[in-house]
Amino acid sequence: MLIALMTDIHGNREAFSACLAHARSLNVERLILLGDYVGYGADPAWVVDTVRTLVSEGAVALLGNHDAAIDGSDEDMNPIAQEAIRWTRGQLGMEQRAFLADLPLVHEEGNVLYVHANGFAPRSWHYITDTLEAARHFSRVEAHITFCGHVHVPMLYHMSNTAKVGSFSPVSDNEIPLLPTRSWLAVIGAVGQPRDGVAAANYAIFDTARQSLRYFRVPYDIVTAARKVREAGLPERLAQRLEEGR
């Protein structure tokens with residue numbers, strides 16, 4: 001089975017639409033969304049409604065920290081993120097907010113764990129940005145494979161049977177075998193606000209039969225997405241991030 005993994009959509013309608021279309025062109029059979037549907041972007045209501053429809057059709061959707069902040073605290077966010085969340089609250093209706101509030105933190109299927117931020121303390125929203133943090137994850141999580149988002153930069157960590165942890169930046173459209181002799185932690189990157197210097201949207205496909213992972217970069221209408229951010233009166237930096245991919 002081919003499972004599309006998408007995360008950190010952040011109200012970016014143009015990027016999400018492009019990734020969904022790309023996944024469908026590759027005959028993806030399932031969709032698992034790893035959180036952060038809102039925040040930063042100008043189309044949070046459309047994104048949430050689209051996610052709700054996808055869930056009704058069988059997709060799995062998890063809770064991200066920006067989703068949790070809609071009816072929770074935003075005190076741990078930076079000022080730009082706080083401004084975007086406070087604007088977003090005014091764009092969502094009660095049903096949309098209730099949908100976000102009811103999303104689960106984690107999803108498990110056999111030896112595979114799906115989560116927004118990390119597997120060892122999902123609600124802490126702790127970032128995994130290096131091999132030390134990845135080692136912390138591996139030491140506390142039993143899953144053979146973990147998929148997460150939150151960081152906005154695609155990265156793949158692995159641990160050998162001697163507990164040696166390594167990492168590498170995945171190349172787009174390159175099949176990566178998730179060998180059974182290692183444990184794996186795949187940071188998928190971001191659909192709606194990439195931060196690795198590549199402005200194209202980012203998602204991945206997990207092939208359960210081949211036990212392999214393939215990352216993709218998908219071009220989308222960045223000009224329109226950035227224009228909408230500016231027209232909404234959101235911070236200028238949020239439009240620039242889309243244009244710069246960082």
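In which sense do strand S1 (residues 2-6) and S11 pair, and over how many bridges? In this predicted model, the two strands pair in the antiparallel sense, and four bridges link them.

**View 1. Strand S11 in the six-stranded open sheet S3-S2-S1-S11-S12-S9**. The pairing within this sheet is mixed, and its edges are formed by strand S3 (60-61) and strand S9 (176-177), each of which pairs on one side only. Strand S11 is mostly covered, with seven of its seven residues buried. Ala 201, Tyr 203, Ile 205 and Asp 207 point one way from S11, whereas Asn 202, Ala 204 and Phe 206 point the other way, and all are buried. Towards S1, the bridge partner of Leu 5 is Ala 204 in S11.

**View 2. Strand S12 with its partners S11 and S9**. Strands S11 and S12 run antiparallel and are joined by seven bridges, one residue to look for being Phe 206, whose bridge partner in S12 is Leu 213. The two strands form a hairpin with four residues between them, and in the turn Gln 211 has a positive phi of about 50°. Strand S12 (residues 212-218) is also joined to S9 by two bridges, again with the strands running antiparallel, and here Pro 177 stands opposite Ser 212 in S12.

**View 3. The open sheet of six strands in the order S4-S5-S6-S10-S7-S8**. The pairing in this sheet is mixed. Strand S4 (106-109) and strand S8 (165-168) stand at the edges, and each has a single partner strand, so one side of each is left without a neighbour in the sheet. Neighbouring strands of this sheet are turned against each other by 15° on average, with direction ignored. Strand S7 (residues 155-159) runs antiparallel to S10 and is joined to it by five bridges, with Met 159 having Ser 183 in S10 as its bridge partner. Helix H6 (residues 131-140) packs on the sheet, where it touches strand S6 (145-148), S7, S8 and S10, and the direction of the helix makes about 125° with that of S8.

**View 4. The contact of helix H7 (residues 222-231) with helix H8 (residues 236-244)**. The axes of the two helices come within 8 Å and cross at roughly 175°; because this angle is over 145 degrees, H7 counts as roughly antiparallel to H8. On the H7 side the contact is made by Ile 222, Ala 225, Ala 226, Val 229 and Arg 230, and on the H8 side by Glu 236, Leu 238, Ala 239, Gln 240, Leu 242 and Glu 243. These residues divide into seven nonpolar, one polar and three charged.

**View 5. The surroundings of Gln 193, in the loop between strand S10 (183-187) and strand S11 (201-207)**. Gln 193 has a relative accessible area of 1%, and because the cut-off for burial is under 20%, this residue counts as buried. Its side chain is joined to that of Arg 195 by a polar contact of 2.6 Å. Leaving aside neighbours within four places in sequence, Gln 193 is in contact with Asp 8, Tyr 40, His 152, Leu 238, Arg 241 and Leu 242.

**View 6. Ala 84 in helix H4 (residues 79-89)**. Ala 84 is buried, at 1% relative accessibility. Neighbours within four places in sequence again being left aside, Ala 84 is in contact with Tyr 40, Leu 234 and Leu 238. Ala 84 and Ala 21 lie 63 residues apart in sequence and, from C-alpha to C-alpha, 27 Å apart in space.

Notes. Residues numbered from 1 in each chain as written. Predicted model: local features only at pLDDT ≥ 70, side-chain atom pairs only at ≥ 80, totals over all residues. Heavy atoms only, no water. Buried < 20%, exposed > 50% of the residue type's maximum accessible area, 1.4 Å probe, protein only. Polar contact = N/O pair within 3.5 Å; in protein donor to acceptor, adjacent residues only side chain to side chain. Contact = heavy atoms within 4.5 Å. Pairing = 2+ DSSP bridges. Axes fitted to C-alpha atoms, helices over the stretch in contact; angles between N-to-C directions. Parallel < 35°, antiparallel > 145°, perpendicular 65-115°, else oblique. Nonpolar A, V, L, I, M, F, W, Y, C, P; charged D, E, K, R; others polar.
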